[in-house]
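Here are my notes from a first pass through this one. Have a look at the coordinates, then read on.

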Amino acid sequence: MADTQITILGMSGSGKTCYLMGLYYKMGSGLRGYTITTDEDTDVELRDRYAKLCDVTLEKEKRFPAGTDNISKYVFDLQYGYNTVMSFDWVDYPGGLLDRKNSGNLEEYEDVKKAINNSSSLFICVDGSLLVGDDIDEKIDNVRDKCSNVINTFFTDYSKTNKSLPPTAIIVTKYDVCKDDTDQEELCEIIEEAFSPFFVKNDIEKIITIIPVSIGLNIMEDNCSGKMKPLNIHLPIFMGIWFALSKKIQEYVKTMQEQEKKKDDNISNLRDLKAREENKFWFFKSQSEVQRLAKKIQDAEKAGKEQTQKMNYLINLMADNSEKLVKELEKIPYVFVNGERSSFAELIQK
């Protein structure tokens with residue numbers, strides 16, 4: 001079972017599958033010491049699929065994967081120097097399924113809600129081809145009509161129940177298609193307006209990032225000659241893992257504190273028993289019982305020390321991995337905390 005779950009949502013054609021192929025292509029060979037690995041069968045499948053993306057001789061229909069109506073689930077390990085930082089489930093809900101929830105398929109709707117509730121982070125894919133042109137109002141309408149009108153509704157029940165949302169990355173795919181028409185400041189304005197509930201200042205805790213990504217410059221042109229050259233493709237995953245690590249560190253610290261208290265209470269009780277035995281009159285005192293209790297105290301102290309050392313080692317290891325990820329996460333251009341513009345540096349300080 002994976003350590004955490006990341007769910008990616010987006011409408012049909014928004015580039016979710018190509019994003020995954022680009023991610024595995026980029027991270028499979030390694031990026032600043034990091035790699036992503038999976039089981040052998042999945043590895044063969046993904047390598048075959050991204051090999052087609054890399055083949056500039058193929059026609060467009062054969063090179064790029066068609067949208068799927070099936071739920072895709074993968075298990076990956078993020079590694080640093082071939083040591084696993086964290087394993088994660090990747091769940092991809094097809095855009096067609098998201099549309100069908102509006103026609104009354106409550107079972108599918110509940111599946112998506114369950115995935116959101118079980119995810120440490122969520123990714124929302126926005127198709128960059130919706131942002132071509134000069135009319136910003138039209139771009140906002142495009143994103144609303146083709147994405148946020150459906151996506152936004154999935155977060156309502158969660159926020160009502162939890163008074164918070166999982167950290168969410170809004171991934172603008174195919175950014176190479178729209179970068180000449182929509183700079184990053186305008187991109188931010190469009191996303192803020194189209195997904196406005198995410199950026200409202202209220203009592204619901206929200207951490208949102210906007211990350212433009214691309215699998216290659218002009219790769220989607222009709223002649224299909226563009227080469228694979230991923231941009232920012234790793235940042236959403238690093239973000240998801242960082243938040244999962246941060247949560248796990250907090251859980252470990254809490255567990256260690258509870259274990260320390262339990263150990264201290266146990267040793268205190270044993271010392272009280274030993275003191276009462278020692279204070280008995282000589283004809284009631286049992287030297288063997290005193291020795292037995294002394295041994296139990298010694299064993300409890302030793303076990304507690306070993307347990308604390310083990311927990312501290314794990315916490316320090318996760319903290320070290322977290323610090324390494326932060327160096328990359330500071331490259332994310334737009335971070336919002338409870339509706340206010342921020343940065344990962346500020347987020348860490350908080």
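What follows is a handful of numbered points on strands, cysteines, salt bridges and one helix residue.

1. A word on the source first: this is a predicted model, so please read every point below with that in mind.

2. Start with strand 4, residues 83–92. How many of its residues are buried? Seven of the 10 are, which leaves the strand mostly covered. It has a partner in strand 3 (residues 72–80), where the pairing is antiparallel and runs over nine bridges. Strand 1 (residues 4–10) pairs with strand 4 too, this time in the parallel sense and over five bridges.

3. To check the register by eye, try two positions. On the strand 3 side, Val75 stands opposite Asp89 of strand 4. On the strand 1 side, look for Ile8, which sits opposite Asp92 of strand 4. As background, side chains in a regular strand alternate between the two faces of the sheet.

4. The hairpin that joins strand 3 and strand 4 has two residues between the strands. Gly81 is the one to click on there, as it takes a positive phi near 60 degrees.

5. Now the cysteines. A search of the whole structure turns up zero disulfides. Why do Cys125 and Cys147 not bond with each other? The closest cysteine sulfur to that of Cys125 belongs to Cys147, and at 8.4 Å it is too far away for a bond. Looking from the other end, Cys147 has Cys125 as its closest cysteine, again with 8.4 Å between the sulfurs. Both side chains are tucked away: Cys125 counts as buried because its relative accessibility is 1%, and Cys147 counts as buried at 2%.

6. Salt bridges are another matter, with 17 found over the whole structure. The pair I'd look up first is Glu328 with Arg32, whose closest N and O atoms are 2.5 Å apart. This pair links distant parts of the chain, 296 residues apart: Glu328 belongs to helix 11 (residues 287–329), while Arg32 is in the loop between helix 1 (16–28) and strand 2 (34–37). Glu328 is buried, with a relative accessible area of 6%, whereas Arg32 is partly exposed at 48%. Lys331 belongs in the picture as well, since Arg32, Glu328 and Lys331 are linked in a network of salt bridges.

7. Next, Asp127 and Lys174, another salt bridge, with 3.2 Å between the closest N and O atoms. Asp127 lies in strand 5 (residues 121–127) and Lys174 in the loop between strand 6 (168–173) and helix 8 (175–178), so the pair ties together parts that are 47 residues apart in sequence. Are these partners buried or exposed? Asp127 is buried, with a relative accessible area of 12%, and Lys174 is buried at 19%.

8. For a local example, go to helix 10 (residues 235–278), where Lys263 and Glu260 are three residues apart, about one turn of the helix. They form a salt bridge, with the closest N and O atoms 3.5 Å apart. Lys263 is partly exposed at 21% relative accessibility, and Glu260 is partly exposed at 23%.

9. Last one: Asp43, in helix 2 (residues 40–54). With a relative accessibility of 18%, Asp43 counts as buried, because the cut-off is under 20%. Leaving aside residues up to four places away in sequence, Asp43 touches Tyr24 and Thr38.

Methods
Residues are numbered from 1 along each chain as its sequence is written. This is a predicted model: local features need pLDDT of at least 70, side-chain atom pairs count only at pLDDT 80 or more; totals for chains, interfaces and linings use all residues. Side-chain values use heavy atoms; hydrogens and water are left out. Helices (H or I, at least four residues) and strands (E, at least two) are DSSP runs, numbered from the N terminus. Buried means under 20% relative accessible area, exposed over 50%, partly exposed in between (1.4 Å probe, protein chains only). Contact means heavy atoms within 4.5 Å. Two strands pair if DSSP finds at least two bridges between them. A disulfide is a pair of cysteine sulfur atoms within 2.5 Å. A salt bridge is a side-chain nitrogen of Lys or Arg within 4 Å of a carboxyl oxygen of Asp or Glu.
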